[in-house]
Amino acid sequence: MIITGRKFNKSFILFMKALLIGAGFQLLLYVYVANFTKKDYISTENHYSVGSEYRMEVCTEKRNFVFIKCMKCATETMATIIRRFGYKRVLNFVLPVKNNIYLGWPYIIEKSDYRPSKWPYNIIFEHSVYNYSVMSALMPNDTVYFTSIREPWSRLVSSFQYFHIGDIADVPANNFTEYVRNIEKYDKVFSDPIKHKFRGCIPDKFSLVQNLQGHCLGMPLGFPERRRDISKNLTAIKEYINHIEKQFSLVMIVEYMYESLILLKRMMCWSLQDILHHVSNVLGVKQNYIKGDNYNMYKNYSHVDFIIYDHFNATFWRKVNGQGQDFFDELDHFKLIQMLINQFCFVEGNTKPNGKFLTIPKSRFNGEFIFTSDECGLMSRYLLIDLREQYDRVEQPKKKDITGEWEEPPRGCSYPIPEH
């Protein structure tokens, strides 16, 4: 049974939102925190505790990690956390060469896909296919591996819209039901070489909707050609999933992003400020995506991703339920602070440096911190550009490696640098 813990009821959330629209939400925040953190806060050299029920051991912030980024799995939302985390600390990212935005994806990363560095790497984040042999050779021994996955049907709907699959695959009237009922046919049309110029970065004969999450996690599923394909071998699929479970410290679930981020914060010994984020690349639903028989049709077509999701959804909730009541208290607290940050940064329009700031009071889950308009800006813009510039400043690379004019890469994506 899943523990639900204490939740903000709907009327409370609506009340909070109404108050946040007004001018005095800084005062409201202090009132909230004062009431939320009534237990005595005790600080010692060795630990932090709140009363007798909660005890938080001292830990060291983890800075060496690999996040496997799979398309339409809230990865650009995660980018507002991870790129910002590394940029502020001047950590060394494994960055795609020149203007590329992928680390070889959807192929396994090779040396020609990333920028060389004079110093040890700290973070792999940009799109790549998980391969422990390659990544462990690049990263320190204490590297933490984690990723996010999404319920496969929801991911299909998002992909159909985002990648304009219906238009490219010549689906009549761009009808989603027609597409799903004949998905193998339309997937072949979409990935046909004749459609390459419309797909942009997606290589020929590669599917965005069939077992993509398995592919991103490195499972051998027949791409590229001549690679082993275990998709019809249930025993091999389960063995590979168990292999991933041993190597990944956390598999986040997109549908439970707040819970996932609290688990991440605790696992990495990060602060509440570190996991504040901006939701990116979210599309509104433009037509009726009724499941019905379509769901089972798609489940048959992308069965590996459904097996992966079911497995890690179960392990995710075991982790959550093992956290104790303080997890759910911290979850409620985080949701409110995130709401306040959204109001300050994006509703009030403080994403450009203007001297404004929001002070978040100390609670049992965070020390007091100041969130400035500069921080809002870091959260809202495409920080891969800033990371490239930081690389150029720190590394002073040879001309052939420096960020420059757009050029067609041998594989993957390369875009011109947009203006900030």
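The following paragraphs lead from the whole chain to one buried histidine and then to a patch on the surface.

This is a predicted model, in which local features need pLDDT of at least 70 and side-chain atom pairs count only at pLDDT 80 or more, while totals for chains, interfaces and linings use all residues. Residues are numbered from 1 along each chain as its sequence is written, and side-chain values use heavy atoms, with hydrogens and water left out.

The chain holds 17 helices and nine strands, taken as DSSP runs numbered from the N terminus (helices H or I, at least four residues; strands E, at least two). Of its 420 residues, 53% count as buried, that is, under 20% relative accessible area, with exposed meaning over 50% and partly exposed in between (1.4 Å probe, protein chains only). Where contacts (heavy atoms within 4.5 Å) join residues at least 6 apart in sequence, 70% of them link residues at least 24 apart.

His127 sits in the loop between strand 5 (123–124) and helix 4 (132–138), and because its relative accessible area is 7%, His127 is buried. Leaving aside residues up to four places away in sequence, His127 touches Lys69, Cys70, Met71, Thr75, Ile101, Tyr102, Leu103 and Trp105. A polar atom of the His127 side chain lies 2.8 Å from the backbone oxygen of Lys69.

On the surface, Val394 belongs to helix 17 (residues 384–395), and it counts as partly exposed because its relative accessibility is 40%.

Conventions:
A polar contact is a pair of N or O atoms within 3.5 Å; within protein, one must be able to donate a hydrogen and the other to accept it, and residues adjacent in sequence count only if both atoms are side-chain atoms.
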